[in-house]
Amino acid sequence: HNEVMRTLIEFYSGYEVKTIGDSFFVAFSDPVSAVKFAVHVQLEMLQADWPESLLVLPDGMKEADPLGTILWCGLRVRIGIHVGTAKVEVDAETLRADYFGPTINFAARVESKAIGGQVLISEPMLHLLDENTKTEVVIAEAGSYTFKGIDAAQTLYSVCDPAIRGRVFPAEVQQLLCNRCKGPAVCPQCDGEGELSPRSKRK
């Protein structure tokens with residue numbers, strides 16, 4: 001995972017800001033490089049030489065479409081991309097540039113909505129992609145999402161290489177919630193005695 005990420009970060013002239021656990025925070029000087037990097041990561045993750053101990057897990061198994069095209073194999077990485085300006089500070093310990101501000105916060109929120117194996121981009125990112133890039137990748141609307149501190153719903157878009165366009169991600173599913181306290185159907189707050197009603201929730 002780290003080897004694939006760092007090899008492609010260098011290839012696309014990205015800047016590894018830092019890692020948080022197994023997550024990478026990467027900055028690019030232009031949106032096209034960022035998207036091409038993310039799309040390429042998904043292909044390399046698919047083709048990497050993963051240990052058998054990973055390939056036997058439900059989220060690591062090799063899976064193909066009806067025509068035999070391999071769509072899934074190994075670690076499933078989710079990626080979120082946004083564009084904008086940010087505040088830059090030099091970390092006192094690493095002496096490397098770090099980035100802060102609303103743009104960074106929103107990028108993290110975009111990433112949080114992605115599912116393993118998926119690349120999500122914001123609408124501003126979509127508008128900055130040139131026509132050549134748009135013809136090289138598959139772009140699909142992934143839905144509208146609400147975010148804390150932002151009044152209007154934000155539309156996000158899924159991007160992938162044509163080779164794995166057959167990947168299907170869980171859609172909005174219905175989850176029963178307690179009308180009394182809005183907790184789950186088996187509600188510890190009121191012992192599940194409130195009325196239940198469906199509400200969409202992303203897996």
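Guide: Buried here means under 20% relative accessible area, exposed over 50%, and partly exposed in between, with a 1.4 Å probe and protein chains only. This is a predicted model, in which local features need pLDDT of at least 70 and side-chain atom pairs count only at pLDDT 80 or more, while totals for chains, interfaces and linings use all residues. Residues are numbered from 1 along each chain as its sequence is written, and side-chain values use heavy atoms, leaving out hydrogens and water.

Visitor: Does Cys-73 count as buried or exposed?

Guide: The relative accessibility of Cys-73 is 10%. Because buried means under 20%, Cys-73 counts as buried.

Visitor: How many disulfides does a search of the whole structure find?

Guide: A disulfide is taken as a pair of cysteine sulfur atoms within 2.5 Å. Cys-160, at 17% relative accessibility, counts as buried, yet for disulfides the search of the whole structure gives a total of zero.

Visitor: Which residues of helix H1 are exposed on the side away from its buried residues?

Guide: Helices (H or I, at least four residues) and strands (E, at least two) are DSSP runs, numbered from the N terminus. In H1, residues 2-11, the buried positions are Val-4, Met-5, Leu-8 and Ile-9. They lie on the same side of H1 because they cover an arc of only 125° around the axis, taken from the directions from the helix axis to the C-beta atoms. The other side of H1 has as its exposed residues Glu-3, Glu-10 and Phe-11.

Visitor: What do the buried residues of H1 pack against?

Guide: Contact means heavy atoms within 4.5 Å. The partners of the buried H1 residues are strand E1 (15-20), strand E2 (23-27) and H2.
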